[in-house]
Amino acid sequence: MEDEVDRLVAAWRRERPDLDVEPLEVLSRVSRLARHLDRARRLAFSEHSLEPWEFDVLTSLRRTGDPYQLSPGQLLTQTLVTSGTMTNRIDRLAKKGLVERLPDPSDRRGVLVRLTPEGRERADQALAGLLAQERSILGELTDRQRSDLAALLRQLTAPFDNIPG
């Protein structure tokens with residue numbers, strides 16, 4: 001079965017036979033898949049009245065286990081945003097009643113961000129919706145193909161995820 005990337009690659013091979021366009025066969029598909037995944041994620045989150053960034057913060061807290069709390073600095077590390085952005089996000093989530101700020105007992109000047117019961121419930125529901133969307137996207141692949149693809153993608157992403165700093 002031919003896809004849009006096959007047509008794109010064929011056109012470049014015709015127009016620029018002097019270039020090796022093979023990377024497009026993989027990375028253009030990854031890019032297109034990322035766009036489809038982004039749409040599916042937005043749909044899954046909107047069904048639970050969440051924005052993607054809200055889901056990211058809530059699930060960062062949810063994954064920590066009881067009592068579902070992190071410092072703002074730890075949230076920065078997990079969500080890869082700036083300090084100012086994180087402060088704004090925490091403010092907005094607190095206003096919605098999805099997180100609360102608590103004094104950090106180990107640092108008088110510090111705070112901890114804790115998931116509220118409503119925040120936990122919304123994170124859990126949105127995750128279930130997301131997984132249903134993602135299962136649908138992967139539906140054409142066998143279990144073995146999914147496992148092989150995960151291993152290959154890990155090989156590509158691991159160097160980026162393990163850069164110091």
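Buried residues make up 25% of the 165 residues in the protein chain. The model is predicted. The protein chain exposes about 11,500 Å². Carbon and sulfur atoms supply 54% of that exposed area.

**Overall form**

The protein chain holds 7 helices and 3 strands. Read from the N terminus, the order is α-α-α-β-α-α-β-β-α-α. The radius of gyration is 20 Å, well over the 15 Å that the globule rule gives for 165 residues, so the protein chain is more spread out than a compact globule. Along the principal axes, the C-alpha atoms fill a box of roughly 65 × 35 × 30 Å.

Contacts can be sorted by sequence separation. Take those in the protein chain with a separation of 6 or more: 46% of them come from residues 24 or more positions apart.

The charges can be summed up briefly. The protein chain carries 26 positive and 27 negative charges. The mean positions of the two sets are 4 Å apart.

| Property of the protein chain | Value |
|---|---|
| Radius of gyration | 20 Å |
| Box along the principal axes, C-alpha atoms | roughly 65 × 35 × 30 Å |
| Exposed area | about 11,500 Å² |
| Distance between mean positions of positive and negative charges | 4 Å |

**The aromatic pair**

How many aromatic pairs does a search of the whole structure find? The search finds 1. The rings of Phe 45 and Phe 55 have their centres 4.1 Å apart and their planes at 20°, so this pair is stacked. The cut-off behind that label is a plane angle under 30 degrees. The pair links distant parts of the chain. Phe 45 sits in helix H2, residues 22–46. Phe 55 sits in helix H3, residues 52–63. In sequence the two are 10 residues apart. Are these two residues buried or exposed? Phe 45 is buried, and Phe 55 is buried too.

**Leu 24**

Helix H2 also contains Leu 24. Leu 24 has a relative accessible area of 27%, so it counts as partly exposed. Which residues does Leu 24 touch, leaving aside those up to four places away in sequence? They are Val 5, Leu 8, Val 9, Trp 12 and Arg 29.

Gly 73 gives a second reference point for Leu 24. The two residues are 49 residues apart in sequence. In space, Leu 24 and Gly 73 are 37 Å apart, C-alpha to C-alpha.

Note on methods. Residues are numbered from 1 along each chain as its sequence is written. This is a predicted model: local features need pLDDT of at least 70, side-chain atom pairs count only at pLDDT 80 or more; totals for chains, interfaces and linings use all residues. Side-chain values use heavy atoms; hydrogens and water are left out. Helices (H or I, at least four residues) and strands (E, at least two) are DSSP runs, numbered from the N terminus. The radius of gyration is taken over C-alpha atoms; the globule rule is 2.2 Å times the number of residues to the power 0.38. Buried means under 20% relative accessible area, exposed over 50%, partly exposed in between (1.4 Å probe, protein chains only). Contact means heavy atoms within 4.5 Å. Accessible areas come from the Shrake-Rupley method with a 1.4 Å probe; for residues, only the protein chains shown count as cover. Lys and Arg count as positive and Asp and Glu as negative; His and the chain ends are not counted. The place of a charge is taken as NZ of Lys, CZ of Arg, CG of Asp or CD of Glu. Rings of Phe, Tyr and Trp (its six-membered ring) pair if their centres lie within 6.5 Å; planes under 30 degrees apart count as stacked, over 60 as edge-to-face and the rest as tilted.
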